[in-house]
Structures are given as C-alpha cells and as structure tokens.
Amino acid sequence: MAKTETNNAPDLVVTMIVMIMTAMGLVMVYSSSSLMNAGGEAQMTASFFKRSLLFALLGAGGFFVASRTPPEWLRKGAYPALLGSIVLLCLVWVPPLGISANGASRWVRFGPLGFQPSELAKLAVVLFLAHSIAKRGPRKVKKLIFGFMPHIVLPGIPIMLVLMEPDLGTAAVLVALVAAMSFVGGVRLRHLAVTAVPVVAGLGCMIIFVPFRMRRLMAFLDPWEHSTDSGFQLVQSFLAFGAGGVWGVGLGAGKQKLHYLPEAHTDFILSIWAEECGLVGVLVVLGLFSALVYRGYAIALAQEDMYRRLLATGITTWLGLQAALNALVVMGCLPTKGLPFPFLSYGGTGLVITLTAAGILAGLGRKEDACVS
C-alpha cells in the first residue's frame with residue numbers, strides 16, 4: 001500500500017463563508033456605528049470599527065490555529081475548559097472584576113481587557129459533551145444514571161450561572177446544544193422527552209414571573225401598542241426592514257442607526273443590513289449561513305469517529321441556532337433577547353470565540369491522507 005497525500009487544507013466552503021461573513025460584519029459595524037452622539041452633536045468615529053477589526057484579526061488567528069489543531073488534542077482541554085468557564089461565570093459577581101450593565105452581570109474585566117464568559121461556555125460545553133459522550137460510547141450513554149445524567153448535570157452548572165446573569169437567550173442555546181449532541185450521541189429519546197418537561201415548565205415560569213421578560217412578551221405580541229417603551233426596539237426594526245424594500249437605500253445611507261434603533265451595531269445589526277441592502281441583502285446573509293449550516297452537518301455526517309461527529313454537530317448547531325434566533329427576533333417572530341448574529345454583530349469575545357469554533361469545524365472538514373494500492 002502506498003500513501004498518497006491529498007489536499008490537507010481546512011474545508012474550503014466553511015473557510016470562504018466565514019471570511020465573507022466576517023468581512024460583511026466589519027462593513028456593517030462601521031456603517032451602523034460611525035455616527036455617534038457626543039455633546040449633543042453627531043460626529044464621525046471609527047472606534048467600534050477599529051475594535052471590531054482588532055477582534056476579527058485575533059479571531060482569524062484563532063481560526064487558523066484551531067483549523068490546524070488535531071481535534072484529538074482538544075479532548076485534553078475538555079474538562080479544563082468547562083471548569084474554567086464555570087469559574088469565569090462566577091467571577092461576574094465578584095467586584096471589581098465583575099461588570100454590571102443594564103441590569104445584567106455578564107462581563108469580567110482584567111485590567112483593560114473585558115471578557116464575556118458565557119461565550120466561552122458555549123465552546124466549553126461543546127468540547128465537554130463531545131469528549132464525554134464519545135468516551136462512554138453508544139451503549140453506556142443509553143443508561144440513565146451513568147450515561148445520560150452526567151451530560152445534564154455538569155453542563156447544567158454553566159447554564160444556571162448564565163440564567164442568573166440573567167441571559168435567557170444564551171441559556172436556551174446551551175440547552176439546545178445539550179439536546180442535539182445527546183441525540184446524536186445515542187441517548188434514549190424517552191430520557192430527552194422526560195427532561196424536556198421541566199425545562200419547558202421552567203422556561204415558562206422564568207418568563208411569566210420575571211417582569212422585564214413579561215414586558216418583552218407583551219411587546220412581541222403587540223409591538224405597536226408598546227412602541228414608546230418595551231416595543232420601541234422592535235418597531236424601529238420593522239421600520240428598518242420596511243425602508244430597505246427590495247434593494248435597500250445603499251450602504252451607509254440608512255437612517256435607523258441614527259439613534260432610532262438601540263444596539264444597532266450588536267443585536268439588531270441585521271435590521272441595519274436590511275435597511276441598507278434590502279431584501280436581497282438579507283437573503284444573501286441567510287443563504288450564506290444556511291450554506292454554512294448545511295456544510296457543517298455534512299462534515300459531521302462524514303466523520304466515522306463519534307467524537308469528531310459530535311464536535312462538528314455541536315459547533316454547527318450552536319452557530320446555526322444563534323443566527324436563526326437573532327434573525328427571528330429582529331423580524332418580530334420571537335420576543336426580544338440579547339443574542340448577537342455570529343460574525344456580523346459587533347463584539348469582542350463573541351467574535352473571537354465563534355471564529356475559533358468555525359476553525360475547528362473547518363479542520364474537521366480537512367481531507368485526510370488516503371491510502372491506495
């Protein structure tokens with residue numbers, strides 16, 4: 001048998017889509033945040049763009065390293081990553097490291113550097129579940145106590161800490177990751193079904209009995225009735241989509257970013273994109289992300305090793321679900337929640353972590369050396 005080298009580069013489809021989406025994100029961050037209000041006067045500033053560009057470069061480095069790191073090496077960091085994310089999530093409550101803003105404690109600051117632990121928690125949960133489920137194997141994972149419960153209890157720790165911040169959107173993504181990876185790993189459906197009952201009940205209670213979430217739900221059901229308070233952001237998003245029409249008003253020419261639409265460069269950046277690039281631009285973004293998700297699951301199905309398959313499934317589910325939730329929120333199909341659009345929204349920790357995770361996915365799509373006679 002002779003060993004023949006094949007193309008050993010990371011998956012081209014994943015790499016190209018991620019590069020295009022990140023470039024589009026930089027353009028939109030500059031467009032949506034270039035006019036800022038200072039001292040009552042509008043002035044041009046590129047501070048958000050400069051920071052986003054820096055984080056994109058750091059994330060590109062993470063993508064490069066992760067795409068060339070053998071996935072088996074990542075298994076050694078599964079437990080440390082989960083433990084580290086739990087510690088960092090606890091530090092958001094410890095002054096002066098923890099930072100609170102808008103009624104939420106989601107950041108940790110080390111000197112001049114700010115960090116959002118919940119973003120690391122997503123990657124940590126994926127690494128842990130992929131390693132732990134694969135280690136137990138398809139037979140043991142079907143057992144309730146020693147096969148299923150560890151993958152509910154241990155990830156449940158960071159999920160509860162994220163809920164306490166509070167950040168229901170990120171917690172929902174983490175819960176979905178646990179469910180998707182457990183299903184692919186061979187967990188019995190009845191175990192998942194029984195677990196889903198208290199999860200859904202808890203979700204309902206966290207909405208009904210928490211005033212600000214109930215206000216968001218009411219604004220979602222009738223945003224125009226609450227257009228001056230809790231429904232203001234969603235109404236402004238509707239106006240952005242309506243103003244954009246089919247082709248958009250042109251890059252940089254949008255009006256909703258001029259202090260009409262709050263958080264225009266973060267959670268609602270897709271609304272600004274819709275206004276400036278229109279329906280066609282939105283379809284391009286959704287098409288690119290759909291292609292990324294399709295390719296990610298194709299890579300997962302192509303893996304013979306269960307660890308690699310779970311790793312690809314987890315990353316693809318995470319990125320695809322977060323993008324879908326963000327798009328549904330800004331279009332008024334779900335109540336407002338603080339989830340950024342991967343690769344497009346402004347954000348330091350989120351951009352670096354998602355680019356690194358995409359690098360792992362691209363590495364899993366690498367063609368291995370082939371043996372021919």
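# Notebook: starting from Phe343

**Entry 1, a loop residue.** I opened with Phe343, which is buried at a relative accessible area of 3%. I was working with a predicted model. Phe343 sits in the loop between H13 and H14. I then looked up its backbone and found phi near 75°, a positive value in a residue other than glycine. I will come back to Phe343 when I get to the rings.

**Entry 2, the whole chain.** Next I stepped back for an overview. I counted 14 helices and seven strands in the chain. How does the radius of gyration compare with the globule rule for 373 residues? I got 21 Å for the chain, close to the 21 Å from the rule, so the chain is as compact as a globular protein of that length. Along the principal axes, the C-alpha atoms fill a box of roughly 70 × 50 × 40 Å. I noted that 47% of the 373 residues count as buried.

**Entry 3, contacts, surface and charge.** I wanted to know how far along the sequence the contacts reach. Taking contacts between residues at least 6 apart in sequence, I found that 72% join residues at least 24 apart. The chain exposes about 17,600 Å², and carbon and sulfur atoms supply 70% of that area. For the charges, I looked up 28 positive and 18 negative ones, and their mean positions are 11 Å apart.

**Entry 4, aromatic pairs.** Then I turned to the rings. A reminder to myself: a pair of aromatic rings is described by the distance of the centres and the angle of the planes. The structure holds five aromatic pairs. One of them is Tyr79 with Phe128, which is edge-to-face at 5.7 Å centre to centre, with 70° between the planes. I checked where the two partners sit: Tyr79 is in helix H4 (residues 78-91) and Phe128 is in helix H5 (residues 117-140), so I have a pair linking distant parts of the chain, 49 residues apart. Are the two rings' residues buried or exposed? Tyr79 counts as partly exposed at 38% relative accessibility, whereas Phe128 counts as buried at 1%.

**Entry 5, back to Phe343.** The second pair I looked up is Phe289 with Phe343, and this one is tilted: the centres are 6.0 Å apart and the planes make 35°. Phe289 lies in helix H12 (residues 269-302) and Phe343 in the loop between helix H13 (306-330) and helix H14 (348-364), so the pair ties together parts that are 54 residues apart in sequence. I checked burial for the partner too: Phe289 counts as buried, at 4% relative accessibility. Which residues do ring pairs link into a cluster here? I listed Phe289, Phe341 and Phe343.

**Entry 6, a neighbour in H1.** I followed Phe343 to Thr22, which is found in helix H1 (residues 12-33). Leaving out residues up to four places away in sequence, Thr22 touches Ala56, Phe343 and Leu355. Why does Thr22 count as buried? Its relative accessible area is 11%, and the cut-off for buried is under 20%.

**Entry 7, cis peptide bonds.** I looked for cis peptide bonds and noted one that joins Pro95 and Pro96, with omega about 0°. Pro96 has its place in the loop between H4 and strand E4 (98-101). I noted another that joins Glu165 and Pro166, again with omega about 0°. Pro166 is in the loop between helix H7 (150-164) and helix H8 (168-185).

**Entry 8, two alanines and some distances.** Ala291 is found in helix H12. With a relative accessible area of 33%, Ala291 is partly exposed. I took the C-alpha distance from Ala291 to Leu355: 16 Å in space, for 64 residues apart in sequence.

My other alanine is Ala243, in helix H11 (residues 232-244). Ala243 is partly exposed as well, with a relative accessible area of 42%. Not counting residues up to four places away in sequence, Ala243 touches Val249 and Glu275. What separates the C-alpha atoms of Ala243 and Ile86? I got 43 Å, for two residues that are 157 apart along the chain.

Key
Residues numbered from 1 in each chain as written. Predicted model: local features only at pLDDT ≥ 70, side-chain atom pairs only at ≥ 80, totals over all residues. Heavy atoms only, no water. Helix = DSSP H or I, 4+ residues; strand = E, 2+ residues; numbered from the N terminus. Rg over C-alpha atoms; globule rule 2.2 N^0.38 Å. Buried < 20%, exposed > 50% of the residue type's maximum accessible area, 1.4 Å probe, protein only. Contact = heavy atoms within 4.5 Å. Areas by Shrake-Rupley, 256 points an atom, 1.4 Å probe, with all protein chains shown as cover. Lys, Arg positive; Asp, Glu negative; His and termini not counted. Charge placed at Lys NZ, Arg CZ, Asp CG, Glu CD. Phe/Tyr/Trp six-rings, centres within 6.5 Å; stacked < 30°, edge-to-face > 60°.
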